[in-house]
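Let's take a friendly walk through a protein structure. Please have the sequence and the 3D view ready as you read.

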Amino acid sequence: MRKAGRALLILLAAAALTLPAASSGASKKKPKKSSEKVARADFDTKLPVLGTKLAEFPPGDGKAIADSACLACHSTDMVRQQRLNEKQWTANVNKMVGWGAEVPENRRAALIAYLVKNFGPDNDRFEAVVTRPVGK
Amino acid sequence: MIQMNGYATDAETPLDALTTYITPNDLFFVRHHWNPAYQDTRRWALTVDGEVERPLRLTLADLRRFRPASATCILQCAGNGRGNYNPVVPGVQWKWGAVGNARWTGVRVKDILDQAGMKGTARHLHTFGADKPPVKTPPFHRSVEIEKILQDGIVAYEMNGEPLMPLHGAPARLVVPGWSGNHWMKWLERISPQLEAQKGFYMETGYRYPNQPGEPGVPVKPEDTSPVTSLFVKSNITEAPAAGKVGAALTIRGFAFSGAPDIAKVEVTDDGGETWQPATLDPQHDPFAWRLWSFRYQPKTAGKAVLAARATDSNGTVQPKVAAWNPSGYLYNAWHSVEIPVTA
C-alpha cells in the first residue's frame, strides 16, 4: 500500500509544478502550464539526480572571480537564487571572505558589482532544477 | 525534488507531494551546510563525555541493545519559507517544502545519559556531527537545553523503518520533536552534557530569532535575539483543483503542525479572513506530528476563489496572516492560500 501511495505521490509530484500559485507570500512567478502525467519509471529516470545538474554563472566581468571564490564550497544555485541589494551583497561577500573565500582585495568591488548586477533585488531568473527522488 | 543547492546539497519537496501522513524517505527534504562526511557504519561510534560519571563510546550495535524508542513527528528546517519574506533576506530561498513527517526510531537520549551517569550540574547537551566545514567556515556545533532533550530527544538510527540514509545523517542523528531542524544534528558523533550553552557562530550569530518583533528590514542586535527552538503554528495547502464550477463542491487538502504537541483546528476562509469555516482534521496523529486536513468548498459565484487556511495549535496559538519578518528569515508561517478559477 505504501508503494502504491508513493506512486500516486510521484504522479502528483510530476504535476506538482502545476498547482495554482500561492497568493500569499512573495512569489511572483506565474503558474506553469499543465503537463501530462509522467509514469513513475520515467519520472525517476528522466529527471536528473540531485546534485548532478549544475548551472554556470552568467558571463560578465566578475564571473571569473565568482567562480574561484564561491564554487569551492557551494554550487551557483546558492548565489543565483539570491535577490540582494549592494549593502546585502557587500555584507555577504565580507562574511564569505572571513570564512575563507579567496577574493583579491583589488577584485572585491568587481565581484560585488557582478553579484548586484546579476542577482540583485529584481532577479527573477532563478529556476530550481527539478530532480528525481533522492537515492534513485 | 526541487534542488536549491547542487552542492552542498539542499532540496525541498514539492508541496503537493506532501499529502501523506508519513513522508517517504526518498521525498524527504535535504539540508546540508556543507558536503557531509559519510560515516563507515562498522567503525562509527558515538562518544558520550562531559558532565558524566562514566564516559561512553557506543557503537551502532551498542545503541541497538538499548530499549528502542520511536517518535513520529515533523522535521522542519528553521529557514523553510525564507524565500517568501519581504524584504528579502540572504540564505537558501526555501519556499514551502523544507518539511516532512517521519517515524524516527533509536534510543532515548535520557537512556544514554542515564547509562553514562549524567551529573546534576549539566544544563545543556552539546552536540557534534562528523561533517567538517570547509576552509575557515565555523563548525556547526550546537547545544540543546537539557530539560528538552531529556524529555523528548532521541538518537535515531532509523527513519520510517529503514536505516537512516547518508543524506539524512547515517548512521545516527538527533531527533528533537517540536524544535527546528538545526537542533537535529546529523552524522552525530559526540554528545556532551555541559554547564553552559555551546559557543560559536551557529549558536551566537546564526539560528537566532528576535525576542520582540521588529520592523521589516531593520537589523536586530544579537543581544535582542534568542536561539530558534520551538516551531511556529503553520498550515499549508497541498492539494487544490485546477478549476471549479459554481455550485459544485470541491475539496482542498493540506497539513498543519506546530511546536505545540497537537493542532486543535484548521479553518479556511474565502473572504480574506472575514469569516472562517472549520476544516476536517484527519484522526491520525502523534505528538509533534502534523495533522492532515481537508475542506469541502462550494463556490457561490464565478470568478476567482481565493481560499486561505490557518491553524490553531493545542496551546491556542493561531497562525498569523503575516509572518513576523526577521533578519534571517526563520519560521515563516503566514496564511497559505490558493486561487481557483470558478466558472458559472
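What follows looks at chain B, its contact with chain A, and a few unusual spots in the backbone.

This is a predicted model, in which local features need pLDDT of at least 70 and side-chain atom pairs count only at pLDDT 80 or more, while totals for chains, interfaces and linings use all residues. Residues are numbered from 1 along each chain as its sequence is written, and chains are lettered from A and ligands numbered from 1 in the order in which they are written.

How confident is the predictor? The mean pLDDT (the predictor's confidence in each residue, from 0 to 100) of chain B is 97, and 100% of its residues reach 70 or more. The model has an ipTM of 0.94 and a pTM of 0.91.

**Chain B as a whole**

Chain B holds 4 helices and 24 strands. Both are DSSP runs numbered from the N terminus: helices are H or I with at least four residues, strands are E with at least two. The radius of gyration of chain B (taken over C-alpha atoms) is 21 Å, close to the 20 Å that the globule rule (2.2 Å times the number of residues to the power 0.38) gives for 344 residues, so chain B is as compact as a globular protein of that length. Buried residues make up 52% of the 344 residues in chain B. A residue is buried if 20 or more other C-beta atoms, placed from the backbone, lie within 10 Å of its own, exposed if 12 or fewer, and partly exposed in between.

**Where the chains meet**

The contact takes 45 residues from chain B and 44 residues from chain A; two residues are in contact if their C-beta atoms, placed from the backbone, lie within 7 Å. On the side of chain B that touches chain A, strands S1 (2-5), S23 (303-313) and S24 (336-343) of chain B each supply at least two residues. The largest share, 5 residues, comes from S24(B). Strand S1 (residues 129-130) of chain A runs antiparallel to S1(B), joined by 2 bridges; here Val130(A) has Ile2(B) as its bridge partner.

**Unusual backbone spots**

Chain B has some backbone angles worth finding in your viewer:

| Place | Feature | Value |
|---|---|---|
| Tyr7(B) and Ala8(B) | cis peptide bond | omega about -20° |
| Ala170(B) and Pro171(B) | cis peptide bond | omega about 5° |
| Asn160(B) | positive phi | near 55° |
| Leu331(B) | positive phi | about 55° |

Are the two positive-phi residues buried or partly exposed? Asn160(B) counts as partly exposed because it has 18 C-beta neighbours inside 10 Å, whereas Leu331(B), with 23, counts as buried. Leu331(B) lies in the loop between S23 and S24 of chain B.

Conventions
Pairing = 2+ DSSP bridges.
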